[in-house]
Amino acid sequence: MPNSVEPLKVDVPKEPEVAETTGNATETDATTTTAEPSKKKKNKKKKKKNNVKAIELIFPEEKYPQGQWLDYEQDFNLKRKTDTEKKYLKLSEDNYQHWNDVRKGAEIHRRVRQNVRPKIQPGMSLTEIAELIENSTRKFTKAEINLNNMENPKLAGIGFPTGLSINDCAAHFTPNKGDKTVFKKGDVMKVDFGVQVNGNIIDSAWTVAMDPRYDNLLKAVRESTETGVREAGIDVRLTDIGEAIQEVMESYEVELDGKVYPIKPCRNLCGHNIGPYRIHGGKSVPIVKNGDETKMEEGEHFAIETFGTTGSGYVIPSGEVSHYALSSDYASLAPPSLSRSKHLLTTIQRNFGTLPFCRRYLDGLGEDKYLFALNNLVKEGIVQDYPPLMDIEGSYTAQFEHTILLHPHKKEVVSRGDDY
Ligand code: HZT
Ligand code: MN
Ligand code: MN
């Protein structure tokens with residue numbers, strides 16, 4: 001891992017003291033501090049507890065570890081820095097609860113991936129992998145009992161469907177009911193899952209490949225995402241971030257079966273800002289120089305993600321849809337005419353609000369034979385579908401993604417862990 005990702009400490013005293021490290025906060029686990037007799041039992045090997053339980057039991061003070069702090073690259077003005085640190089001090093009093101919720105989601109994200117990473121093995125079905133991730137997220141967030149009320153989605157829980165996209169599929173695949181896809185040892189799989197706490201979504205992803213022949217592909221994309229994280233900042237033009245990412249991505253190649261492939265960015269995929277209960281806040285962070293002069297702004301919450309490919313570098317939506325979300329403007333549209341669609345819309349509003357969902361989640365709520373009604377909501381524009389995004393057949397795509405917060409004085413890579 002690059003040495004630039006070492007967690008940094010920030011000297012801002014007004015925030016309550018919290019564990020400063022990311023990814024390995026287990027020393028604060030209440031359960032691991034329980035004194036136990038150190039007798040060596042020969043036959044009874046102590047079973048390693050996986051510690052998947054409500055996160056509040058692990059952090060009884062509810063002060064979650066901060067992410068990795070990074071200085072703004074472009075910030076050479078010391079006076080401005082001092083001013084903004086003062087501003088951060090003031091803001092941290094007002095915004096502490098919000099940021100703590102973001103950090104809580106990030107801590108859950110790290111713990112879920114720490115828990116599932118060693119379990120993801122070739123031969124497992126994608127349904128098994130998705131359920132591992134989602135059940136672990138539900139436990140940490142207490143999703144079942146955090147049902148808010150009739151109008152609102154859960155206070156905490158799954159942020160969006162678990163993406164398990166393999167090889168030429170770059171994003172937005174999750175198994176539908178009956179899917180028999182198995183993760184194989186030669187596959188390149190993007191694991192992209194979300195956690196939300198009070199509508200604050202953590203969106204972070206990595207790529208799993210057992211075969212070392214993909215090492216350069218993964219390295220290119222990991223390094224490109226790090227570049228995006230490094231370049232991100234207040235008043236930075238989105239196109240400039242794309243340009244920096246593109247340069248890094250295109251500096252790599254990968255050799256597969258004696259053929260050398262240049263690694264290309266998937267130019268029509270991007271990062272994005274994130275709003276409360278909204279995975280896509282309206283800004284897109286390109287991974288190529290695209291001329292978009294829109295700037296990042298103070299206080300924004302971004303998912304920085306990059307995709308590299310041995311294929312064409314252009315993804316096409318195709319295949320059976322699994323991911324959906326209520327459209328941002330659904331309230332201004334005419335209500336559905338079909339009664340089955342009306343019922344389904346109520347279920348969606350109650351359980352997900354504007355958070356993305358997938359067909360399996362509807363199955364889990366006891367909905368049945370809803371596909372016609374769902375397609376009708378998509379046709380009316382009430383629900384947006386997100387089909388799988390595919391590069392050309394036979395290609396391999398990889399992704400890394402982090403969620404960052406743009407504080408006035410520094411940025412915080414909230415989803416940073418010891419893994420990526
Ligand atoms: C849509 C549906 C989901 C957002 C990016 C993404 C996974 O490609 C503007 C820029 C989850 C996320 C999203 F269920 N998408 N991040 N992680 N997918 S996106 C997008 O639709 S919209 C990028
Ligand atoms: Mn994602
Ligand atoms: Mn994203």
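# Ligand 1 and two small sheets in a predicted model

An N or O atom in the side chain of Asp192 is 2.9 Å from a nitrogen atom of ligand 1. This is a predicted model, in which local features need pLDDT of at least 70, side-chain atom pairs count only at pLDDT 80 or more, and totals for chains, interfaces and linings use all residues, while side-chain values use heavy atoms and leave out hydrogens and water. Residues are numbered from 1 along each chain as its sequence is written, and chains are lettered from A and ligands numbered from 1 in the order in which they are written.

## Around ligand 1

Ligand 1 is surrounded by 16 residues (each with a heavy atom within 4 Å of it), and His172, Asp192, Asp203, His280 and Glu305 are the closest of them. The table lists polar contacts, which are pairs of N or O atoms within 3.5 Å.

| Side chain | Atom of ligand 1 | Distance |
|---|---|---|
| His172 | nitrogen | 2.7 Å |
| Asp192 | nitrogen | 2.9 Å |
| Asp203 | nitrogen | 3.1 Å |

On its own, ligand 1 has 480 Å² of accessible area (Shrake-Rupley method, 1.4 Å probe), and the protein covers 90% of this. The shell divides into six nonpolar, six polar and four charged residues, where Asp, Glu, Lys and Arg count as charged, Ala, Val, Leu, Ile, Met, Phe, Trp, Tyr, Cys and Pro as nonpolar, and the others, Gly among them, as polar. Strands S2 (156-166) and S9 (270-273), strands being DSSP runs of E with at least two residues, each supply at least two residues of this shell, and S9 gives the most, with three.

## Two open sheets

One open sheet has three strands in the order S14-S13-S15 with antiparallel pairing, for which DSSP must find at least two bridges between two strands. Strands S14 (357-358) and S15 (383-386) each have a single partner and stand at the edges, so one side of each is left without a neighbour in the sheet. S13 (residues 323-326) pairs with S14 over two bridges, and His323 stands opposite Cys358 in S14.

Another open sheet of three antiparallel strands has the order S3-S16-S12. Its edge strands, S3 (169-171) and S12 (316-317), each pair on one side only. S12 and S16 (residues 389-390) run antiparallel and are joined by two bridges, with Ile316 standing opposite Met390 in S16.

Note on methods: Helices (H or I, at least four residues) and strands (E, at least two) are DSSP runs, numbered from the N terminus. A polar contact is a pair of N or O atoms within 3.5 Å; within protein, one must be able to donate a hydrogen and the other to accept it, and residues adjacent in sequence count only if both atoms are side-chain atoms.
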